[in-house]
Structures are given as C-alpha cells and as structure tokens.
Amino acid sequence: MTLPAYEPASDEVELFEHAWRNRLPVLIKGPTGVGKTRFVTHMAARLGLPLFSVACHDDLTAADLVGRHLVQNGQTVWQDGPLTRAVREGGICYLDEIVEARKDVTVVIHPLADHRRTLPLERTGELLAAPPEFMLVVSYNPGYQNFLKGLKPSTRQRFVALRFGFPDEAREIRILQRETGCDALLARRLVALGNAIRRLDGVDLEEVASTRLLVYAALLIRGGLPVLAACRAALVEALSDDAEVTAGLEELVRTVL
Ligand code: ADP
C-alpha cells in the first residue's frame with residue numbers, strides 16, 4: 001500500500017512512533033493548512049491503524065463522539081460514535097480543532113488520555129478499556145485561541161505535544177511539486193509569494209497563506225488557468241474580504257510572480 005505522502009519537518013515521525021509505542025496521546029498545534037491532518041493520515045497508514053477523524057465544531061458534543069440511542073424501525077438501538085469505535089476496534093481517533101468542541105468533550109477524553117485509558121459510556125453503563133491499538137490525537141490552532149477557547153492545562157498536560165509551523169522554503173517547494181506535479185520554477189515562485197504574504201506587516205489578515213492554498217494555486221495553474229486568476233482565487237480572495245487588503249495582496253502577486 002502506498003502511504004499518503006508526507007514531507008517531514010524534522011523528527012515528528014519518530015516522535016509520533018515513540019508516543020504510539022508508549023501509549024501516549026498526541027497534541028498537534030499549528031496554523032491551518034500546514035499538514036497536521038496529512039501527518040496523522042500518514043502515520044495511521046504507516047502504523048497500519050484505522051483512522052477515525054472528527055472535525056470539531058462549536059456544536060459538537062460528547063454524544064457526537066461517544067454515541068447515542070437512535071430509534072430504528074420503532075426500536076431503540078445504540079450507535080457508537082467515532083471515539084467509541086476507535087476504542088472498541090482499535091485505531092487512531094483524531095479530533096481536529098479540539099478547542100472548538102463543547103466543553104463536555106473534555107470530560108470524555110480525560111480518562112482516555114491518561115493512564116486509565118478508559119471510556120465510560122454512561123448511557124449504556126459500559127466502561128470500555130482501550131486496547132493497545134487505540135491512540136488519541138488532537139489538534140488545535142493557537143492562532144484562533146481566545147481566552148475562553150484555549151485548552152485547559154488539565155487537558156493539555158495529558159498529551160505529548162508537537163508544534164507545526166510553515167515549512168521552510170526547500171521543504172515547501174518539495175511539497176508543492178509532489179502534491180501537484182508542478183515544475184520547480186512554479187513551485188519556487190509560489191513559495192516566494194507565500195513567504196512574502198507571511199511577512200506582510202500591518203495588514204489585517206486573520207490567517208496568512210497556508211501550504212494548502214499554495215497547493216490550490218499550483219493545481220489551478222497546472223490545469224491551465226492564468227497565474228493571476230489562479231492566485232486571485234486560491235490566495236487573495238481566500239485570505240480576505242476587505243477590498244483594500246485584497247487589492248494590496250493582488251499587487252503583491254503581480255510583483256512576486
Ligand atoms: P491542516 O490539517 O494543518 O489544516 P492539512 O494536513 O489538511 O492541513 O494540509 C493541507 C494540504 O497541504 C494537504 O492536503 C497537502 O496537500 C499539503 N501539505 C501540507 N503539509 C504537507 C506535508 N508536510 N507533506 C505533504 N503535504 C503537505
């Protein structure tokens with residue numbers, strides 16, 4: 001089986017494997033679009049484990065993860081949620097953007113994320129013990145963090161933490177080439193543009209250009225779209241709604257590319 005491609009930054013693959021062997025949960029922090037999800041997908045395949053991914057959002061409750069009773073053909077049946085399935089079947093449960101979820105989610109992950117490795121299912125009265133093949137991985141973006149949404153120390157101190165950042169130039173060029181099949185020149189130019197956007201000072205951007213957006217731009221250009229149109233759609237308009245800011249970004253695209 002071919003592994004989902006992942007271009008490492010340093011020793012994160014080895015670190016993850018150590019965490020896995022020691023049955024420790026992993027927290028990955030970093031901005032959006034820098035390879036957190038790809039890394040987890042890669043590691044699950046590398047370790048031969050099923051992956052149960054959940055994109056957390058502000059309505060996500062513990063019941064969405066654990067499971068709930070459903071009425072089917074007039075009968076009430078219990079249906080496991082993704083976290084329960086990962087515990088029962090063995091595998092990695094990846095909670096993406098964990099801080100977005102409702103607070104009751106912490107209650108269910110705490111006993112799974114420490115030495116107990118258990119999941120109490122209040123509704124069914126079961127207490128599941130996680131098998132060795134179970135691993136909990138969570139990610140969050142410290143950039144979005146506000147006072148209410150930060151991870152509580154009691155939660156974060158249960159995890160081994162990895163920090164992901166924007167790739168350096170050579171690595172990001174390799175990623176773009178491998179992900180999109182674009183040539184080295186286009187990859188180099190797009191990475192230069194990405195870095196120019198990341199260096200912008202005093203511009204009101206909530207998030208700067210991620211590797212994901214550079215991948216999109218490269219795909220559009222490879223597909224035959226003119227460079228400016230591709231960058232406008234994949235980068236400029238994706239990054240801001242403000243007319244002044246988008247005009248400034250477009251100017252930057254013209255200068256760099
Ligand atoms: P995140 O989970 O951090 O928001 P993703 O893992 O979804 O980001 O990455 C977005 C895209 O960027 C991926 O689909 C992939 O094309 C590309 N990418 C980013 N980092 C890497 C990397 N290290 N190796 C391979 N592809 C990467």
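## Glu-14 and helix H1

In this predicted model, Glu-14 belongs to helix H1, which covers residues 12-21. Glu-14 counts as exposed because 10 C-beta neighbours lie inside 10 Å, and the exposed class is set at 12 or fewer. Its C-alpha atom is 10.0 Å from that of Met-43, a residue 29 positions away in sequence.

## Overall architecture

The protein chain contains 11 helices and 9 strands. Its C-alpha atoms fill a box of roughly 65 × 40 × 40 Å along the principal axes. Of the 257 residues, 34% count as buried. Among contacts with a separation of 6 or more, 69% join residues 24 or more positions apart.

## The nonpolar cores

The largest nonpolar core has 40 residues, and within it Ile-92 and Val-137 touch the most other members. At least two residues of this core come from each of strand S1 (26-29), helix H2, strand S2 (51-55), helix H3 (62-66), helix H4 (82-89), strand S5 (92-96), helix H5 (104-109) and strand S8 (135-140). The greatest contribution is that of S8, with 5 residues. Apart from this core lies another, of 25 residues, including Ile-175, Ala-209, Ala-234 and Leu-235. In soluble globular proteins, nonpolar side chains tend to be buried together.

Ile-92 illustrates the connections of the largest core. When neighbours within four places in sequence are left aside, Ile-92 is in contact with Val-40, Ala-44, Leu-49, Leu-51, Phe-52, Ala-86, Met-135 and Val-137.

## The S3-S4 hairpin

Strands S3 (residues 67-72) and S4 pair in the antiparallel sense, over 6 bridges. One of the pairings joins His-69 to its bridge partner in S4, Trp-78. The hairpin has 2 residues between the strands, and Asn-73 adopts a positive phi near 50° there.

Strand S4 (residues 75-80) lies largely in the open, because the number of buried residues among its 6 is 0.

## The ligand shell

There are 15 residues around the ligand, of which Gly-35, Lys-36, Thr-37, Arg-38 and Arg-212 come nearest. Two or more residues of the shell are given by each of helix H2 (36-46), helix H7 (169-180) and helix H9 (211-222). By residue class, the shell divides into 5 nonpolar, 5 polar and 5 charged.

## Helix H9 and its surroundings

Helix H9, one of the elements that contribute to the ligand shell, has 12 residues. At 1.5 Å a residue these should span 16 Å, and the end C-alpha atoms are 16 Å apart, so the two values agree.

The buried residues of H9 are Thr-211, Leu-213, Leu-214, Val-215, Tyr-216, Ala-217, Ala-218 and Ile-221. They pack against H7, helix H8 (184-199) and helix H10 (227-239). After H9 comes Gly-224, with a positive phi near 110°.

## Arginines with positive phi

Arg-23 is not a glycine, yet its phi is positive, at about 55°. This residue is found in the loop between H1 and S1. Arg-23 is partly exposed because it has 14 C-beta neighbours inside 10 Å.

Arg-117, likewise not a glycine, has a positive phi of about 45°. Its position is in the loop between H5 and strand S6 (118-121). With 18 other C-beta atoms within 10 Å, Arg-117 is partly exposed, because a buried residue requires 20 or more.

How values were computed: Residues numbered from 1 in each chain as written. Predicted model: local features only at pLDDT ≥ 70, side-chain atom pairs only at ≥ 80, totals over all residues. Helix = DSSP H or I, 4+ residues; strand = E, 2+ residues; numbered from the N terminus. Pairing = 2+ DSSP bridges. Near = placed C-beta within 6 Å. Nonpolar A, V, L, I, M, F, W, Y, C, P; charged D, E, K, R; others polar. Expected span 1.5 Å × (residues − 1). Contact = placed C-beta atoms within 7 Å. Core = buried A, V, L, I, M, F, W, Y, C linked by C-beta atoms within 7 Å.
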